[in-house]
Amino acid sequence: MKPYKGRILIMAAILVFVFGAMFVRLYSMIVSNSESYVARASTKSTKTITVYGKRGTIYDTNMVPLAYDETSYNVTFYRDPTKSTEADRANYTQVLIDVIRLIESNGKTTVNSFWLKKDETGAWRFNSGSSSETVEASRERQWRANFYMTNVPEEELFDTLLEKYCIPKDLDEDMIVKVLSLWQESRMNSFNSLPVTIAYDVGFETVSEIESKSMELDGVDISESSTRVYPQGTVACHEVGYISKISATQLESYQSKGYPNDAFIGAAGIEYSLEDQLSPYVSYRQGSREVERNTRGKVVRELNYTAPTDGNSVVLTIDVDLEKAMTDALVDTIASIRETQVELIAKESWQKDNAEILAQYEEAEREIALAESGAIVAMDPNSGRVLGMISYPEYDLSMFNGGTVDNAKWNAVLELNDPLYNRAISTGDTPGSIFKLCTALAGLAEGAITPSETIDDIGAFTKTNTYNPAKCWIASSQRYKHTNQTVMEAIKNSCNYYFYETSYRLGVTKLYEWAARLGLTTKTNIELPGETTSFVGNQDMLYDPNYAVNNQYTAKPLLAAKAIRERIYEISDARGMDLSEEVVESAVTSLLKISVSYDTKNDWLAPIREVLQYDLGIPSSYITNNFLVNEFVTYLQDIFWTPNETIMLGIGQSITQLTPIAVARYVSAIANGGTVYDAQIVDKIIAADGTVVLEKEPVIANQITTDPYYFALIQEGMKDVTSMEDGGTAGKYFQNTEYSIAAKTGTSQRTELDVENNAWIVGYAPADNPQIVVVVYIQNGYAGAQASPALIAVIEAYLDGLKGTENTAVGAEYSIAD
């Protein structure tokens with residue numbers, strides 16, 4: 001037993017020694033060196049940081065980048081929450097001053113959105129820029145809470161900040177605001193204990209200088225990010241759109257998806273409409289980075305990393321080269337039309353013919369509106385794919401590179417003729433004679449006219465108005481050219497009289513139904529924000545009593561209500577009546593409804609008298625003696641649809657308003673024989689790993705069922721429009737075109753001055769095998785035929801491109817064979 005006893009004693013001694021050593025070490029850590037370890041622990045903290053990938057790329061149909069993200073570097077600022085003494089704040093303020101100067105010396109700027117601004121008296125007031133009083137009040141409460149200034153009077157806020165953050169007295173006001181703006185960024189984001197970005201997309205000079213001065217610039221660091229680049233400048237600017245920093249009003253809805261406070265989001269175009277596809281901020285695309293950070297905000301160790309996923313990329317249907325050709329064509333054509341307008345205005349005969357109108361313009365200090373804006377849409381008639389889209393004036397997307405815009409550049413853009421507005425999808429305007437294609441199809445399909453029937457232009461069309469009858473545009477001496485016209489010849493001649501007769505026979509209900517079938521009363525569903533719904537005139541479009549007067553398709557009901565209201569108050573004042581606002585508004589509504597409650601104006605007389613006499617208390621004798629019933633009839637007639645409105649609708653006048661994109665879909669249906677497609681500008685969506693998430697197929701909105709021969713007749717008429725030999729209205733412009741083009745011109749009246757007319761031309765080519773439909777719209781373009789050069793140039797550019805592609809394919813085939 002003794003040997004075992006010795007071994008046990010030895011082992012016990014060893015154990016006593018080990019535990020004794022551990023006890024001594026533990027005592028040293030807890031008691032003797034506790035301060036040292038606490039200091040070491042307090043200099044480091046572990047934090048999980050959300051990381052984001054890049055926003056998806058937007059490509060044209062040939063995979064040419066239109067918008068993409070590239071790696072960039074941001075400057076961040078982190079205030080250690082344990083450093084809260086006055087000396088610490090003074091130190092941080094000096095750091096911010098130094099970093100602002102450093103960044104600005106390299107041509108960049110820091111975040112500058114300070115919420116205290118001087119009012120007209122020079123006093124500093126809270127103003128975050130929101131138009132909503134509720135939002136403004138909420139922001140002020142949060143701002144005060146984060147700055148610990150809840151009870152400080154507004155007039156003392158600025159001075160309190162100067163004192164609290166130790167702002168040097170020798171700083172100019174501009175620098176003070178910049179420094180306080182960065183303090184604001186820090187304080188408003190203090191809840192998440194993460195660095196805030198104080199400057200975006202700085203250059204390598206700034207990065208290297210900050211890195212070399214890292215020990216001096218306490219809390220300042222560089223973070224890797226990405227910035228948006230728009231390499232094509234003005235090309236496809238309205239389709240692509242741009243991004244901007246998320247606003248406070250948008251924050252709540254985007255935060256629920258995982259977006260950070262300083263995210264950049266789509267603000268226009270595809271960038272806006274496909275935000276969910278392009279964005280890297282959506283929760284399921286986010287990555288994470290677990291790091292160890294010291295009190296200076298510097299990352300000293302990465303503990304874990306989960307890579308983020310980039311946003312999806314979008315391939316559009318448009319072609320960059322065609323877009324450039326379209327822009328050149330539109331700019332050149334507008335310049336040419338403007339030159340023609342200036343020459344015409346200078347003529348003595350024109351001045352004499354328009355002397356009365358010009359005098360009115362001069363008295364109102366109104367300038368004559370000449371051509372300066374417009375749009376072109378090119379569409380594949382066999383699918384609805386948008387091949388190109390131009391809205392002019394354009395704007396340069398490159399000014400949005402990095403997501404922020406220089407104020408001077410932005411102000412320069414705003415001085416132009418609304419270049420941010422996409423006229424191709426948002427402008428609705430009177431179409432003029434391009435609507436006659438619809439009238440022709442409706443007339444044929446409904447049997448109002450027959451293919452072989454001929455109609456003569458006999459001058460005045462008296463069936464709807466004998467006092468001031470409508471007439472065709474052609475001079476009486478040339479009217480013989482509009483005799484014995486079939487529907488094909490009427491389209492070629494663009495004869496108003498023929499289409500007055502056709503629409504008169506049809507009636508507004510049938511004409512509207514066919515316009516709807518051709519897609520002219522609904523949106524085209526193009527994947528862009530801001531599309532306006534086109535509408536075609538009828539009684540509901542003119543005045544619908546189910547909607548308020550300020551929510552109608554036109555301003556006519558609002559103007560009629562205003563005239564009626566003013567006249568009622570005049571009568572009230574003249575008779576010393578005390579009519580309440582409620583009584584007057586009720587009478588206005590009742591009078592307006594009379595216009596749509598009876599078939600003829602003669603039926604209005606009794607109900608108008610009843611409203612005036614019984615609802616308003618105007619004596620019967622006063623009504624009779626002052627002819628009030630007849631007077632109120634005149635107020636109502638502007639919101640009453642008449643047969644005369646119907647014949648005007650038939651030639652594309654009246655109140656009808658069509659967008660260029662809707663017209664492109666409509667003409668595509670004429671060209672392809674009756675298939676109405678939704679417009680599409682998105683070809684496919686591709687995930688970051690190259691997987692095709694969505695490949696879009698054509699969407700048929702309506703399939704028109706009627707005799708194909710009717711479409712053939714209209715197509716032949718459109719071919720004749722461009723024929724000089726057949727005397728087409730635009731024949732002289734198409735004499736030397738390489739391709740056969742079918743077209744229709746449209747001139748819609750805007751004012752009594754002819755030079756202010758709108759110019760439309762629509763067409764497709766090749767005429768016997770349509771591959772492209774083109775719509776040209778020029779506001780104040782004088783005459784539809786004047787826009788022909790733009791249409792020809794676009795068609796030739798596209799078909800030349802197809803020919804080049806075919807030649808390249810053939811060449812490649814022979815090379816392989818060799």
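**Close-up views of a predicted model**

**Figure 1. Surroundings of helix 27.** The buried residues of helix 27 pack against helix 17 (436-445), helix 19 (496-506), helix 20 (508-517) and helix 22 (556-575). The model shown here and in the following views is predicted. Helix 27 spans residues 643-650, and six of its eight residues are buried, so the helix is largely enclosed by the rest of the structure. The residues concerned are E645, T646, I647, M648, L649 and G650. After helix 27 comes G652, which has a positive phi, near 85°.

**Figure 2. The cysteines C472 and C495.** A disulfide is a covalent bond between the sulfur atoms of two cysteines. How many disulfides does the structure hold? The number is zero. C472 accordingly takes part in no disulfide, and its nearest cysteine sulfur, that of C495, is 4.1 Å away. Why is there no bond between C495 and C472? A disulfide requires the two sulfur atoms to be within 2.5 Å, and the sulfur of C495, at 4.1 Å from that of C472, is too far for a bond. Both cysteines can be described by their accessibility: C472 is buried, with a relative accessible area of 10%, and C495 is buried as well, with a value of 0%.

**Figure 3. Residue I243 in strand 8.** Strand 8 covers residues 243-245 and includes I243. Is I243 buried or exposed? I243 is buried, for its relative accessible area is 5%, and the cut-off for a buried residue is under 20%. Y73 may serve as a second point of reference: I243 and Y73 are 170 residues apart along the chain, while their C-alpha atoms are separated by 18 Å.

**Figure 4. The whole chain, as context for the close-ups.** The chain contains 30 helices and 21 strands. Its C-alpha atoms fill a box of roughly 135 × 100 × 65 Å along the principal axes. The radius of gyration of the chain is 36 Å, whereas a compact globule of 818 residues would have one near 28 Å. Of the 818 residues, 48% count as buried. Among contacts between residues at least 6 apart in sequence, 71% join residues at least 24 apart. The accessible surface of the chain comes to about 38,900 Å², and 49% of this surface belongs to carbon and sulfur atoms. The chain carries 68 positive and 109 negative charges, and the mean positions of these two groups are 8 Å apart.

How values were computed
Residues numbered from 1 in each chain as written. Predicted model: local features only at pLDDT ≥ 70, side-chain atom pairs only at ≥ 80, totals over all residues. Heavy atoms only, no water. Helix = DSSP H or I, 4+ residues; strand = E, 2+ residues; numbered from the N terminus. Buried < 20%, exposed > 50% of the residue type's maximum accessible area, 1.4 Å probe, protein only. Contact = heavy atoms within 4.5 Å. Rg over C-alpha atoms; globule rule 2.2 N^0.38 Å. Areas by Shrake-Rupley, 256 points an atom, 1.4 Å probe, with all protein chains shown as cover. Lys, Arg positive; Asp, Glu negative; His and termini not counted. Charge placed at Lys NZ, Arg CZ, Asp CG, Glu CD.
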